[in-house]
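Please load the model in a viewer and keep the selection panel at hand. The tour proceeds by successive selections, each followed by a description of what is to be found there.

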Amino acid sequence: QVQLVESGGGLVQAGGSLRLSCAASGRTFSSYTMGWFRQAPGKEREFVATINWSAYYADSVKGRFTISRDNAKNTVYLQMNSLKPEDTAVYYCAARAGQRVRVTVSDYDYWGQGTQVTVSS
């Protein structure tokens, strides 16, 4: 069982930056592929980024967001730069056992409670 707790969300102006953190429980964090997803009001949850030994991004955030992980701290991060109003959403951290890259919600086994990111224009 893995428990995930996100933090770092907030309100920021367009063009600004935020860094989200996701702290995971458990002693096998390094064996999990970690992902970030987001869900805007009235929309389905969508893939943002994932990391195992390498990172993979949705086209909508490529070049602006960076996912990273610190296995010693059981933490995954999402650095978000050049934020746009359309990035406004609840951001969720997710984990799946194994090292294969997956970008769909159903492929992830564990989820955090989410953190709100609001980008004003």
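Select G16 together with M80, N81, S82 and L83: apart from its neighbours within four places in sequence, these are the residues with which G16 is in contact. The model is a predicted one. G16 itself lies in the loop between β2 (10-13) and β3. Is G16 buried or exposed? With a relative accessible area of 19%, G16 is buried, because buried means under 20%. Add K84 to the selection and draw a distance between the C-alpha atoms of G16 and K84: the two residues are 68 apart along the chain, yet the separation is 8.3 Å.

Next, centre on S82, one of the contacts of G16. S82 sits in the loop between β8 and β9. Its relative accessibility is 40%, so S82 counts as partly exposed. Inspect the backbone here: phi of S82 is positive, about 50 degrees, although the residue is not a glycine. Most residues other than glycine have a negative phi.

Move now to the loop between β7 and β8, where N74 is placed. Phi of N74 is also a positive value, near 50 degrees, in a residue other than glycine. How does the burial of N74 stand? N74 is buried, at a relative accessible area of 17%.

In the loop between β7 and β8, select A72 as well. A72 has a relative accessible area of 78% and is therefore exposed, since the cut-off for exposed is over 50%. For a long distance marker, join the C-alpha atoms of A72 and T104: these residues are 32 apart along the chain, and their separation is 27 Å.

Turn next to the interior. Select L4, M34, W36, V76, L78, M80 and Y91, which have the most contacts inside the largest nonpolar core, a set of 35 residues. Colour the strands that supply at least two residues each to this core: β3 (18-24), β4 (32-39), β5 (46-51), β7 (65-70), β8 (75-80), β9 (89-97) and β11 (115-120). Which strand gives the most to this core? It is β9, with five residues. In soluble globular proteins, nonpolar side chains tend to be buried together. M80 links this view to the start of the tour, as it belongs to the core residues with the most contacts and is also in contact with G16.

Now select the whole protein chain and switch to a cartoon representation. How many helices and strands are present? The chain has zero helices and 11 strands, and from the N terminus on every element in the order is therefore β, as DSSP runs assign them. The radius of gyration is 13 Å, close to the 14 Å that the globule rule gives for 121 residues, so the chain is as compact as a globular protein of that length. Along its principal axes, the C-alpha trace spans about 40 × 25 × 25 Å.

With the whole chain still selected, display the contacts. Among those between residues at least 6 apart in sequence, 61% join residues at least 24 apart. Of the 121 residues, 45% count as buried.

Finally, show the accessible surface, which comes to about 6300 Å², with 47% of it belonging to carbon and sulfur atoms. Colour the charges by sign: there are 13 positive and 9 negative ones, and their mean positions are 5 Å apart.

How values were computed
Residues are numbered from 1 along each chain as its sequence is written. This is a predicted model: local features need pLDDT of at least 70, side-chain atom pairs count only at pLDDT 80 or more; totals for chains, interfaces and linings use all residues. Side-chain values use heavy atoms; hydrogens and water are left out. Helices (H or I, at least four residues) and strands (E, at least two) are DSSP runs, numbered from the N terminus. The radius of gyration is taken over C-alpha atoms; the globule rule is 2.2 Å times the number of residues to the power 0.38. Buried means under 20% relative accessible area, exposed over 50%, partly exposed in between (1.4 Å probe, protein chains only). Contact means heavy atoms within 4.5 Å. Accessible areas come from the Shrake-Rupley method with a 1.4 Å probe; for residues, only the protein chains shown count as cover. Lys and Arg count as positive and Asp and Glu as negative; His and the chain ends are not counted. The place of a charge is taken as NZ of Lys, CZ of Arg, CG of Asp or CD of Glu. A nonpolar core is a set of buried Ala, Val, Leu, Ile, Met, Phe, Trp, Tyr and Cys residues joined through side-chain atoms within 4.5 Å.
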